Amino acid sequence: MTAQPAAAQPTKPTPQAPRQRRSRRVTVLVGTVVVVGSVGVLSALLIPWQSLAAQRHNIDHATETLARLQAETSDLAAQVAEAKDPVVVERIAREQLSLVREGDMLFRLNVDPADVVTLPAAWPLPGLAHLLLD
């Protein structure tokens with residue numbers, strides 16, 4: 001008869017020494033503290049970063065607004081300088097206000113709107129057509 005190996009019996013886990021268990025607990029505790037601390041530090045750094053990004057956006061917007069307002073101010077300053085010229089003032093008074101100088105001849109033309117206005121055949125507002133063509 002040949003010797004057959006004995007069936008492998010499950011080995012009992014060897015109880016760890018209290019020192020090894022304590023060391024493992026300390027390692028897990030330190031790892032947990034490091035992870036929680038890292039998350040805290042990262043969140044503390046991320047919040048100001050978002051605020052900084054928002055401030056940069058506000059600064060960019062304010063810079064654009066400032067450039068637009070400066071351009072508008074220079075345009076208005078040019079208009080004010082132009083308005084001090086008497087020739088320009090007279091031209092604007094004649095064109096926009098229909099003013100004339102003393103001694104100028106004024107011609108008024110009375111034009112019948114029916115002569116000037118031609119309405120399409122399918123005019124949707126008959127009341128207005130009556131006012132214009134009568």
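A residue counts as buried under 20% relative accessible area, as exposed over 50%, and as partly exposed in between. Keep those cut-offs in mind as we walk through this predicted model, since they let us place one residue after another.

Let's start with the whole chain. The protein has four helices and zero strands, and from the N terminus on its elements run α-α-α-α. Of its 134 residues, 2% count as buried. The protein exposes about 12,800 Å², and carbon and sulfur atoms supply 63% of that area.

Helix α1 covers residues 18–83, and V34 is found in it. Together with V26 and V30, V34 forms a nonpolar patch on the surface, and the accessible area of the three comes to about 240 Å². The spacing of helical residues is worth recalling here. An α-helix has 3.6 residues a turn, so residues three or four places apart point the same way. As for V34 itself, its relative accessibility is 48%, so this valine counts as partly exposed.

Now move along to helix α2. Its 12 residues should span 16 Å at 1.5 Å a residue, and because its end C-alpha atoms are 15 Å apart, the expected span and the model agree.

Charged side chains give this region much to look at. Side chains of opposite charge can pair when their charged atoms come close. The structure holds four salt bridges, and one of them lies within α2 itself: E95 pairs with R91, with 3.6 Å between the closest N and O atoms. Both residues sit in helix α2, four residues apart, which is about one turn of the helix. Is E95 buried or exposed? Its relative accessible area is 55%, over the 50% cut-off, so E95 is exposed. Its partner R91 has 38% relative accessibility and therefore counts as partly exposed.

Other salt bridges reach out of the helix. The side chains of D104 and R94 meet at 2.7 Å, N to O. Because D104 lies in the loop between α2 and α3 while R94 belongs to helix α2, this pair ties together parts that are 10 residues apart in sequence. D104 has a relative accessible area of 35%, so it is partly exposed. R94, at 35% relative accessibility, counts as partly exposed as well. Salt bridges with shared partners join E90, R94, R101 and D104 into one network.

Within that network, the side chains of E90 and R101 meet in a salt bridge of 3.2 Å, N to O. This pair links distant parts of the chain, with E90 in helix α2 and R101 in the loop between α2 and α3, 11 residues apart. E90 has 28% relative accessibility, so this glutamate counts as partly exposed.

One backbone detail rounds off the tour. Where does the chain go after α2 (86–97)? It enters the loop that leads to α3 (113–116), and S98 lies in this loop. Just after α2, S98 takes a positive phi of about 55°, although this residue is not a glycine. Some background helps to place that value. Most residues other than glycine have a negative phi. S98 also has 59% relative accessibility, so it counts as exposed.

Conventions: Residues numbered from 1 in each chain as written. Predicted model: local features only at pLDDT ≥ 70, side-chain atom pairs only at ≥ 80, totals over all residues. Heavy atoms only, no water. Patch = residues over 30% accessible without salt bridge, like charges linked within 9 Å, V, L, I, M, F, W, Y side chains within 5 Å. Areas by Shrake-Rupley, 256 points an atom, 1.4 Å probe, with all protein chains shown as cover. Helix = DSSP H or I, 4+ residues; strand = E, 2+ residues; numbered from the N terminus. Buried < 20%, exposed > 50% of the residue type's maximum accessible area, 1.4 Å probe, protein only. Expected span 1.5 Å × (residues − 1).
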